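This report describes how a protein model is arranged around its ligand. Please keep the sequence and the structure at hand while reading.

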Amino acid sequence: MNAPVEWSNWSGSVKAEPKAIARPETLVQLSGIVRSGEGPVRIVGSGHSFTPLCASSGTIVDLSAFSGLIDHDAESSTATVGAGTTLGDLCRRLDDVGQGLPNMGDIDKQTIGGALGTATHGTGPELGAYHTQLRGVKLVDGRGEERILTEGRDSEMIRASAVTLGAFGALTEVTIRNMPAYRLRKRRSIMPIGDMLDDFGNFYHSHRSAEFYFIPFSGHALRLASDITDAPATARPPEEDEDGIATLRLARNLLKSFPWLRRKLIGNALGKLPDEDYVEEWLKVYTSERVTRFNEMEYHLPFDEGPKALREIIELTEKRFPEVYFPMEVRAVAADDFWLSPFYQRKTCSIAIHHDARQDPRAFFSAAEPIFRKHGGRPHWGKMHNLKACDFAAIYPRWNDAMEVRRELDPDNRFISPYLSGIFGLQ
Ligand SMILES: Cc1cc2nc3c(=O)[nH]c(=O)nc-3n(C[C@H](O)[C@H](O)[C@H](O)COP(=O)(O)OP(=O)(O)OC[C@H]3O[C@@H](n4cnc5c(N)ncnc54)[C@H](O)[C@@H]3O)c2cc1C
């Protein structure tokens with residue numbers, strides 16, 4: 001019998017005391033844990049989700065031994081990798097064999113299994129989230145049996161069981177479709193938020209990958225746009241995101257009661273920020289280091305609702321939540337056909353709001369959530385929200401079909417914790 005151990009997610013918002021954290025090294029060991037380990041059995045990636053998806057009072061299963069490049073094919077640009085591979089490791093291994101991920105989110109610390117589990121995404125109206133790259137899956141179901149799903153023969157099943165919060169099975173291997181390695185030209189500029197919102201649709205559709213951050217209490221947005229190029233690399237400028245966050249926090253601390261002065265000072269400082277324009281290999285462009293811990297809510301809205309919803313979120317924040325200082329991130333994601341994907345059948349504008357991890361985010365996030373919902377939002381599965389099964393059933397057209405597949409793959413609810421009971425309506 002193992003002594004109780006402690007587990008916490010990246011932001012510190014979720015803590016658990018499972019009976020055991022298991023690190024299986026073989027399929028036989030993993031199957032044994034799923035069959036007879038103390039339940040609930042929750043698979044963990046890198047613990048970067050903000051919600052209690054991985055928490056368990058029974059067994060947390062770390063699949064880091066299931067990692068690395070297993071196979072690759074240059075002609076089809078596909079690669080098979082262990083589901084516990086971190087995205088950073090995945091990038092390096094793919095680049096070594098001349099392949100590149102078509103898109104990435106903000107960081108590379110997640111595992112590919114964890115990224116698939118919550119529909120992790122980057123930005124670009126024609127670029128899908130990571131799960132849209134899937135061509136094949138190996139998983140261990142709730143009975144401890146291995147299932148092998150291949151695109152073509154099992155396309156429906158892949159669409160049902162890829163974005164599934166670790167509640168349909170433990171992914172051990174995934175085959176993903178990539179593209180030949182490439183270079184990106186990335187540009188950064190500052191503009192007033194009103195101009196940015198007026199240019200919203202044009203901006204996203206003029207670049208392969210585009211996003212902007214609204215800097216609260218500044219009146220300004222920071223725009224980032226990337227496009228594929230044949231030009232030679234010019235090296236990425238030094239990263240200043242953390243210095244920027246520290247400056248915004250200082251302005252918040254000193255000027256919380258003087259919003260007009262806060263706006264003037266931050267606006268002036270942003271106005272002096274030089275534009276950036278550089279060319280780098282794909283794997284050096286998308287992601288950054290995130291040192292300051294935060295909590296996050298992100299909602300995925302029908303694309304055209306983005307500017308309206310953001311205007312309301314800005315008004316709410318600047319009227320009622322002067323303690324907020326983290327930039328809001330606004331991205332675009334292509335529509336897909338995965339049943340529990342928040343991008344299911346609709347091009348999306350994703351708006352993310354953040355709060356310092358040392359402060360309670362609930363008042364801010366709970367006030368923002370009705371705005372996101374009013375505009376047709378679906379929450380990011382790995383970020384904070386207050387929705388339950390009945391809400392999901394109303395916003396996911398294939399919810400009931402997905403629940404049927406879940407029951408078939410995990411008939412004894414081995415993967416169901418109290419948190420997931422609420423999500424799937426199993427109480
Ligand atoms: C600093 C930071 C930046 C982020 N940036 C982005 C971003 O740019 N875009 C975005 O969309 N999200 C982003 N996120 C959210 C993050 O990508 C997701 O929460 C992601 O799921 C975390 O991956 P992970 O490996 O840590 O998985 P975990 O949080 O450990 O697990 C997530 C889910 O996947 C399941 N899971 C993990 N591995 C497996 C497996 N092998 N088989 C089956 N199920 C599995 C777990 O059970 C759980 O339900 C960010 C989070 C942080 C903290």
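The sections below treat the domains, the ligand site, one helix and one loop residue of this predicted model.

## Domains

The domain assignment of the protein gives two segments, domain 1 (69–180) and domain 2 (183–379). Taken over C-alpha atoms, the centres of domain 1 and domain 2 are separated by 26 Å. Contact between them involves 35 residues of domain 1 and 33 residues of domain 2.

Where does the ligand lie with respect to domain 1 and domain 2? Both domains give residues to the shell around the ligand, so the ligand lies between them.

## Ligand site

There are 37 residues around the ligand, and those that come nearest are Ile43, Gly45, His48, Ser49 and Thr118. By class, the shell is made up of 18 polar, 14 nonpolar and five charged residues.

Polar backbone atoms of two residues approach oxygen atoms of the ligand: the distance is 2.9 Å for Gly47 and 2.8 Å for Thr111. A side chain takes part as well, since a polar side-chain atom of Lys383 is 3.5 Å from a nitrogen atom of the ligand. On its own, the ligand has 970 Å² of accessible area, and the protein covers 99% of this area. Two or more residues of the shell come from each of the elements β4 (41–44), α3 (112–117) and β11 (170–177). With four residues, α3 gives the most to the shell.

## Helix α2 and its packing

Helix α2 spans residues 87–96, and its buried residues are Leu87, Gly88, Asp89, Leu90, Cys91 and Leu94. These buried residues pack against β7, β8 (99–100), α3 and β11. Two of these packing partners, α3 and β11, are also among the elements that give two or more residues to the shell around the ligand.

After α2 comes Gly98, which has a positive phi, near 80°.

## Ser77 in its loop

Ser77 is placed in the loop between β6 (69–73) and β7 (78–82). Is this residue buried or exposed? Ser77 has a relative accessible area of 8%; because buried means under 20% relative accessible area, Ser77 is classed as buried.

Leaving aside residues up to four places away in sequence, Ser77 touches Gln99, Ile176, Arg177, Asn178, Met179 and Pro180.

Notes. Residues numbered from 1 in each chain as written. Predicted model: local features only at pLDDT ≥ 70, side-chain atom pairs only at ≥ 80, totals over all residues. Heavy atoms only, no water. Buried < 20%, exposed > 50% of the residue type's maximum accessible area, 1.4 Å probe, protein only. Contact = heavy atoms within 4.5 Å. Near = heavy atom within 4 Å. Polar contact = N/O pair within 3.5 Å; in protein donor to acceptor, adjacent residues only side chain to side chain. Areas by Shrake-Rupley, 256 points an atom, 1.4 Å probe, with all protein chains shown as cover. Nonpolar A, V, L, I, M, F, W, Y, C, P; charged D, E, K, R; others polar. Domains from an automatic or database assignment.
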